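Let's work through some labels together and ask what earns each one. Have the sequence and the 3D view open as you read.

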Amino acid sequence: MPVSGAKYVASGDGWEVTTGPAHILYAAKDVTHGNYTASATFDQIEAPAHPEAFGIFVGGLHIDQPNIAYTYFVVRGTGEMLVKLRDGISTKDIIPWTANAGVPKQDASGKASYTLAATVTHDSIQFSVNGKRVAAVGKTGLPTDGIAGIRVNHNLHVKVTPISIKAQ
């Protein structure tokens, strides 16, 4: 689907996003390598019609080509998280949808706040939500050097800050 179905409105230091289609958002300057932490903050403004995810990606390669690849970490308002590899048109679960006490559930009005981070070290990727580590995986076979950015699924209304990258 064309990304024209997504609506972005400047809001403070980020954007209020209403989707249309699922998509990724990135700046070519946001290239990562070595040991670093990539993070972004998401505020779910209202509950989606059914559980939908949003989060960050790291190691983006060939972003505008069919052989696109990246590792992504997403959450949804049900208190669940997922880590996945995108490799061209296929995807592979690294950590399947899993309930995690460190991932807040949306409140009765559908609101929740999440600061998501992926910290890449010499041998692993550690994932955190609101400063609390929720998972870690070995990085062998996962793209970690490349572009970092935001991933937002369809039918969501969130506020998001741009990706932040800090060398470790």
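Q: Why is Y114 called buried or exposed?
A: Y114 has a relative accessibility of 0%. Buried means under 20% relative accessible area, exposed means over 50%, and partly exposed is in between, using a 1.4 Å probe and protein chains only. Because 0% is under 20%, Y114 counts as buried. Keep in mind that this is a predicted model, in which local features need pLDDT of at least 70 and side-chain atom pairs count only at pLDDT 80 or more, while totals for chains, interfaces and linings use all residues. Residues are numbered from 1 along each chain as its sequence is written, and side-chain values use heavy atoms, with hydrogens and water left out.

Q: What makes F54 and Y114 an aromatic pair, and which kind is it?
A: Rings of Phe, Tyr and Trp (its six-membered ring) pair if their centres lie within 6.5 Å; planes under 30 degrees apart are stacked, over 60 edge-to-face, and the rest tilted. The centres of F54 and Y114 are 5.5 Å apart, with 65 degrees between the planes, so the pair is edge-to-face. F54 belongs to strand β5 (residues 54-61) and Y114 to strand β9 (residues 112-120), so the pair ties together parts that are 60 residues apart in sequence. Strands here are DSSP runs (E, at least two residues), numbered from the N terminus. F54 is buried too, at 0% relative accessibility. Together with F42, these residues form one aromatic cluster.

Q: How many aromatic pairs does the structure hold?
A: There are six aromatic pairs. One of them joins Y8 and W15, with centres 6.1 Å apart and planes at 80 degrees, so this pair is edge-to-face.

Q: Why are Y8 and W15 called partly exposed?
A: Y8 has a relative accessible area of 31%, and W15 has a relative accessibility of 26%. Both values lie between 20% and 50%, so each residue counts as partly exposed.

Q: What makes R76 sit over the face of W97?
A: A charge sits over a ring if NZ of Lys or CZ of Arg is within 6 Å of the ring centre and within 35 degrees of the ring normal. R76 lies 3.7 Å from the ring centre of W97, so the distance part is met. The charged end of R151 likewise sits over the ring of Y72, 4.1 Å from its centre.

Q: How do you know that β5 and β6 pair?
A: Two strands pair if DSSP finds at least two bridges between them. Six bridges join β5 to β6 (residues 69-76), and the two run antiparallel, so they pass the test. F54 stands opposite V75, and the partner of G55 in β6 is V74. On β12, G55 stands opposite R151; β5 and β12 pair in the antiparallel sense over five bridges.

Q: Why are β3 and β8 called edge strands?
A: These strands belong to an open sheet of six, with the order β3-β12-β5-β6-β7-β8 and antiparallel pairing. Strands β3 (23-32) and β8 (90-99) each pair on one side only.

Q: What makes β5 largely enclosed?
A: Seven of its eight residues are buried, so β5 is largely enclosed by the rest of the structure.

Q: Which residues have the most contacts inside the largest nonpolar core?
A: They are F73, V75, M81 and F127, in a core of 34 residues. A nonpolar core is a set of buried Ala, Val, Leu, Ile, Met, Phe, Trp, Tyr and Cys residues joined through side-chain atoms within 4.5 Å. Strand β9 gives the most to this core, with five residues. Another core, of nine residues, lies apart from it and has among its members I63, I68, Y70 and I147.

Q: Why do N130 and N155 count as partly exposed?
A: N130 has 41% relative accessibility and N155 has 40%; both values fall between 20% and 50%, so both residues are partly exposed. N130 lies in the loop between β10 (124-129) and β11 (132-138), and has a positive phi of about 50 degrees although it is not a glycine. N155 is in the loop between β12 (146-152) and β13 (157-160).

How values were computed:
Helices (H or I, at least four residues) and strands (E, at least two) are DSSP runs, numbered from the N terminus.
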